[in-house]
Amino acid sequence: MYDIGIIGGGTAGMTAAVYGQRAGKTTLILESASFGGQIVSTHRIENYPGIASVSGSEFSTNLLEQAKNLGAEAVMEQVTGIRDEDGIKIIETAGKEYPCKTVIIASGVAQRHMGLEKEVKLTGSGVSYCATCDGAFFRGRDVAVIGGGNTALEDAEFLSNYCSKVYLVHRRDEFRGDSTVVDILKKKDNVEFVLSATVKDIVGETMVEGLILNNKKTGEDFEIKIAGVFVAIGQIPQNQVFSDYVKLDGAGFILAAEDCATSHPGVFAAGDCRTKEVRQLTTASADGAVAALAACRYLSRGQ
């Protein structure tokens with residue numbers, strides 16, 4: 001029996017374990033792929049308070065060791081569901097069941113990919129899914145943003161403050177995002193809209209050097225020379241197995257406010273998997289702390 005069962009071994013989940021253990025609770029972290037989540041593939045983190053620069057791998061390893069040294073148990077297993085039994089929450093995996101008094105879901109998201117052969121190979125070498133994380137590395141260089149929603153528009157605006165040129169590539173002839181931001185971008189000399197265009201290929205073997213685009217109206221291919229491509233075509237929350245247990249919004253994110261409480265008593269959601277405005281490393285850490293302390297309060301009240 002664990003006081004707090006944590007589903008997901010990213011920054012939010014591991015921070016929750018640290019706070020849970022420091023509060024004197026027994027915690028279990030269940031992770032299906034790799035501890036650290038998406039941040040592991042980031043070559044350099046330079047926007048985390050108090051740490052000038054660290055690799056994503058080192059950051060994640062340090063956080064996992066911190067949690068384990070405090071007594072947290074970490075297990076590599078795929079969670080298949082949660083059920084209630086005699087007031088206890090049973091976390092189910094393919095081969096085992098883990099009884100817990102409270103649960104924190106920190107399952108994260110998967111970035112929607114373009115589906116190109118070189119996309120995974122060049123992630124961290126010019127391909128990025130986070131403009132605020134990596135934009136400063138492309139200061140004075142030409143980049144492209146792929147997408148037409150608010151995230152893509154906001155990324156283009158952010159990058160325009162660092163980069164010499166920002167190409168905003170969208171497969172339709174108008175944007176889905178906020179027209180106010182579109183108007184702001186239109187007035188920027190270093191932002192160019194490339195509409196009705198899709199990405200056909202990434203140029204470069206070890207680093208991004210350009211993109212091959214296809215004009216959907218003429219059918220012609222053309223190339224733009226860039227040093228970085230920021231993919232902003234959506235995120236896929238990893239919450240499908242919890243859809244019958246906690247309430248999700250229309251996009252599949254767990255409905256949870258700033259207190260991280262879900263629709264199910266004693267179950268909390270932390271990190272990118274929950275409804276929120278900002279999804280950053282710092283907010284994942286904050287969520288982990290908030291969710292763990294909320295679980296501790298729930299336990300202390302004997303609920």
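## Exercises on salt bridges, patches and backbone

The side chains of Arg274 and Glu258 meet in a salt bridge, with 3.6 Å from N to O. The structure is a predicted model, and the exercises below start from this pair.

**Exercise 1. Locate Arg274 and Glu258 in the chain, and decide for each whether it is buried or exposed.**

Step 1: Begin with the contact itself, a salt bridge in which N and O are 3.6 Å apart. The cut-off to apply is 4 Å between a side-chain nitrogen of Lys or Arg and a carboxyl oxygen of Asp or Glu.

Step 2: Place the partners. Arg274 sits in the loop between strand S17 (267-269) and helix H7 (281-300), while Glu258 is in the loop between strand S16 (235-237) and S17. The pair links distant parts of the chain, 16 residues apart.

Step 3: Check the cover. A residue counts as buried under 20% relative accessible area and as exposed over 50%. Arg274 has 2% relative accessibility, so it is buried. Glu258 has 61%, so it is exposed.

**Exercise 2. Find what Lys101 and Lys118 each pair with, and how far apart in sequence the partners are.**

Step 1: Recall the principle. Side chains of opposite charge can pair when their charged atoms come close.

Step 2: Take Lys101. This residue forms a salt bridge with Asp3, and the closest N and O atoms are 3.4 Å apart. Lys101 belongs to strand S6 (residues 97-105) and Asp3 to strand S1 (residues 2-7), so in this pair distant parts of the chain are linked, 98 residues apart.

Step 3: Compare with the cut-offs for cover. Lys101 is partly exposed because its relative accessible area is 36%, whereas Asp3, at 14%, is buried.

Step 4: Turn to Lys118. Its salt-bridge partner is Glu205, with 3.1 Å between the closest N and O atoms. Lys118 lies in helix H3 (residues 117-121), and Glu205 lies in the loop between strand S12 (197-203) and strand S13 (210-215). The pair therefore ties together parts that are 87 residues apart in sequence.

Step 5: Finish with the cover here too. Lys118 counts as buried at 18% relative accessibility, and Glu205 counts as partly exposed at 47%.

**Exercise 3. State how many salt bridges the structure holds, and which residues are linked with Arg83 in a network.**

Step 1: For the total, the structure holds twelve salt bridges.

Step 2: For the network, select Arg83 and follow its links. Arg83, Glu85, Glu92 and Glu97 are joined in a network of salt bridges.

**Exercise 4. Name the residues of the positive patch and of the negative patch on the surface, and place one residue from each.**

Step 1: Colour the surface by charge. A patch of positive charge gathers Arg171, Arg172, Arg176 and Lys216. A negative surface patch is formed by Glu154, Asp178, Asp183 and Glu277.

Step 2: Place Arg172. This residue is in the loop between strand S10 (165-169) and helix H6 (179-186). With a relative accessible area of 37%, Arg172 is partly exposed.

Step 3: Place Asp183. This residue is in helix H6, and it is partly exposed at 40%.

**Exercise 5. Work out what is notable about phi in Ser196 and Cys260, and whether these residues are buried or exposed.**

Step 1: Set the background. Most residues other than glycine have a negative phi.

Step 2: Read the angles. Phi of Ser196 is near 50° and phi of Cys260 is near 70°. Each value is positive, in a residue other than glycine.

Step 3: Find their places. Ser196 is in the loop between strand S11 (191-194) and S12, and Cys260 is in the loop between S16 and S17.

Step 4: Judge the cover. Ser196 has a relative accessible area of 8%, so it is buried. Cys260 is buried too, at 0%.

**Exercise 6. Decide whether the chain as a whole is as compact as a globular protein of its length.**

Step 1: Count the elements. The chain has seven helices and 17 strands. Its radius of gyration is 21 Å, close to the 19 Å that the globule rule gives for 303 residues, so the chain is as compact as a globular protein of that length.

Step 2: Add the extent. The C-alpha trace spans about 65 × 35 × 35 Å along its principal axes.

Step 3: Add the cover. Of the 303 residues, 50% count as buried.

How values were computed:
Residues are numbered from 1 along each chain as its sequence is written. This is a predicted model: local features need pLDDT of at least 70, side-chain atom pairs count only at pLDDT 80 or more; totals for chains, interfaces and linings use all residues. Side-chain values use heavy atoms; hydrogens and water are left out. Patches are made of residues with over 30% relative accessible area and no salt bridge: like charges are joined within 9 Å, nonpolar side chains (Val, Leu, Ile, Met, Phe, Trp, Tyr) within 5 Å. Accessible areas come from the Shrake-Rupley method with a 1.4 Å probe; for residues, only the protein chains shown count as cover. Lys and Arg count as positive and Asp and Glu as negative; His and the chain ends are not counted. The place of a charge is taken as NZ of Lys, CZ of Arg, CG of Asp or CD of Glu. Helices (H or I, at least four residues) and strands (E, at least two) are DSSP runs, numbered from the N terminus. Buried means under 20% relative accessible area, exposed over 50%, partly exposed in between (1.4 Å probe, protein chains only). The radius of gyration is taken over C-alpha atoms; the globule rule is 2.2 Å times the number of residues to the power 0.38.
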